Amino acid sequence: MIDKLNRNIEYLRISVTDRCNLRCVYCMPEEGVENIPHDEILSYDEILRVCKCASKLGIKKIKITGGEPLVRKDIVSLIRDIKNIRGIEQVTLTTNGVLLYDMAKDLYEAGIDAINVSLDTLSRKKFLKITRRDDFEKVSMAIDKLVDLGVRVKINCLAIKEYNFDEIVKIAQYSKDNNIDVRFIELMPIGYGKIYTGISNEVILGLLEEKYGQFEKVKEKRGNGPAVYYANENFKGCIGFISAISHEFCETCNRVRLTSNGFLKLCLHYNKGIDLKEPLRSNISDEDLTNMIHDAIKNKPLGHNFYHDSDMNNIESKNMVQIGG
Ligand code: SAM
Ligand code: SF4
């Protein structure tokens, strides 16, 4: 559907849980965060109802995220059911990959359209330092399995000066050897991310060109989101950059988010949005629920300004694990 700023909102990111099996330093403290009580988390039936109503408004693409979405029981069945909703053209997943190896075949058979695996390093030691868990091998094996199965894979690497500067060139090798896009995500000053220093696209591209030769910007549209892609003649995949801060893309933003406790969040940066959990649990009709979602999306904020914002009262104070990235 078209919002009041003429943007076509067709993409819904659904966080199915606020739980996670890793403790990435930029996302969570070692001890974890206080979890939302189970009875406040939307059930699969409730999520499916929201998806059905949203699809009537022109939402075509759904991304399942978390916390870590694969820790939620029976997640494959939810993905299968969302895939079967009329009007939904694409269901994709963002995961840390720890539980992916064993679930890869079921996800493939459920019809998953693509899987984004978050991976910031190829070093087991560094992985342990960044995520506070010794699970690198599991993630690496899962990526290989997805490639074998023929599932579309993207690797999302959060580039942080303090942790993985010297991993950037290595991780890009995935795109050289396989038809996998490696995307470098710019660090956002949200939650624990505020403590660290991001690495700019220009610096990353410079490092890659030094090692692999020239990269050309890809002109055709690639993917559903704001990533800008570059190709190199010796690479099978592309290198992408997602830079919410330095290359702000609010004017073309096509997405809204549903948090695990049913808050329809209209912009990553703001806590603006509406609660859908209470209406869902008060027997609201499908028509009224669809209208509620419509009216909220219509009023999606213009955009964010992470570093200079006058609207301080509405700034999001949660961590990424609670929002879903
Ligand atoms: N657990 C899943 C995963 O790691 O892919 C899904 C949720 S996680 C919050 C989604 C993405 O948010 C991850 O790729 C992670 O790197 C990214 N992320 C976390 N904190 C961030 C921050 N401060 N700035 C930018 N991206 C961040
Ligand atoms: Fe968990 Fe993803 Fe946050 Fe890492 S980035 S702690 S894997 S939710």
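When I say that two residues meet, I mean contact, that is, heavy atoms within 4.5 Å. Everything here comes from a predicted model.

I'll start with two helices. Helix α7 covers residues 168–177, and helix α8 covers residues 201–212. On the α7 side, the residues in contact are Ile-168, Val-169, Ala-172, Gln-173 and Lys-176; on the α8 side they are Ile-204, Leu-207, Leu-208, Lys-211 and Tyr-212. Sorted by class, that contact has 7 nonpolar, 1 polar and 2 charged residues.

How do the axes of α7 and α8 cross? They come within 10 Å, at roughly 65°. Angles from 65 to 115 degrees count as roughly perpendicular, so α7 is described as roughly perpendicular to α8. The crossing of α7 past α8 is right-handed.

Now the sheet. It is open, it has 12 strands, and its pairing is mixed. Please follow the order on the structure: β7-β8-β9-β6-β5-β4-β3-β2-β1-β10-β11-β12. The edge strands, each pairing on one side only, are β7 at 216–217 and β12 at 273–275.

Let me walk in from the β7 edge. β7 pairs with β8 in the antiparallel sense, over 2 bridges. Lys-217 has Tyr-230 in β8 as its bridge partner. Next, β8 and β9 are also paired antiparallel, over 3 bridges, and there Val-228 stands opposite Phe-241 in β9.

Helix α8 comes back at this point. Which strands does α8 lie across? They are β6 (181–185), β8 (228–231) and β9, and α8 runs at about 165° to β9.

Further along the order, the sense of pairing to look at is that of β4, residues 114–118, with β5, residues 153–158: they are parallel, over 4 bridges. Val-117 is placed opposite Ile-155 in β5. Helix α5, residues 136–149, lies across β4 and β5, and its direction is about 160° to that of β4.

One general reminder for anyone reading side chains off the strands: in a regular strand they alternate between the two faces of the sheet.

Last, a loop residue. Ile-245 sits in the loop between β9 (239–242) and β10 (255–258). Is Ile-245 buried, partly exposed or exposed? Its relative accessibility is 22%. Buried would need under 20% and exposed over 50%, so Ile-245 counts as partly exposed. Ile-245 and Ile-160 are 85 residues apart along the chain, and their C-alpha atoms are separated by 14 Å.

Technical notes: Residues are numbered from 1 along each chain as its sequence is written. Chains are lettered from A and ligands numbered from 1 in the order in which they are written. This is a predicted model: local features need pLDDT of at least 70, side-chain atom pairs count only at pLDDT 80 or more; totals for chains, interfaces and linings use all residues. Side-chain values use heavy atoms; hydrogens and water are left out. Buried means under 20% relative accessible area, exposed over 50%, partly exposed in between (1.4 Å probe, protein chains only). Two strands pair if DSSP finds at least two bridges between them. Axes are lines fitted to C-alpha atoms, for helices over the stretch in contact, and angles run from 0 to 180 degrees between N-to-C directions. Angles under 35 degrees count as roughly parallel, over 145 as roughly antiparallel, 65 to 115 as roughly perpendicular and the rest as oblique. A crossing is left-handed if the near helix is turned anticlockwise from the far one by less than a right angle, and right-handed if clockwise. Ala, Val, Leu, Ile, Met, Phe, Trp, Tyr, Cys and Pro count as nonpolar, Asp, Glu, Lys and Arg as charged, and the others, Gly among them, as polar.
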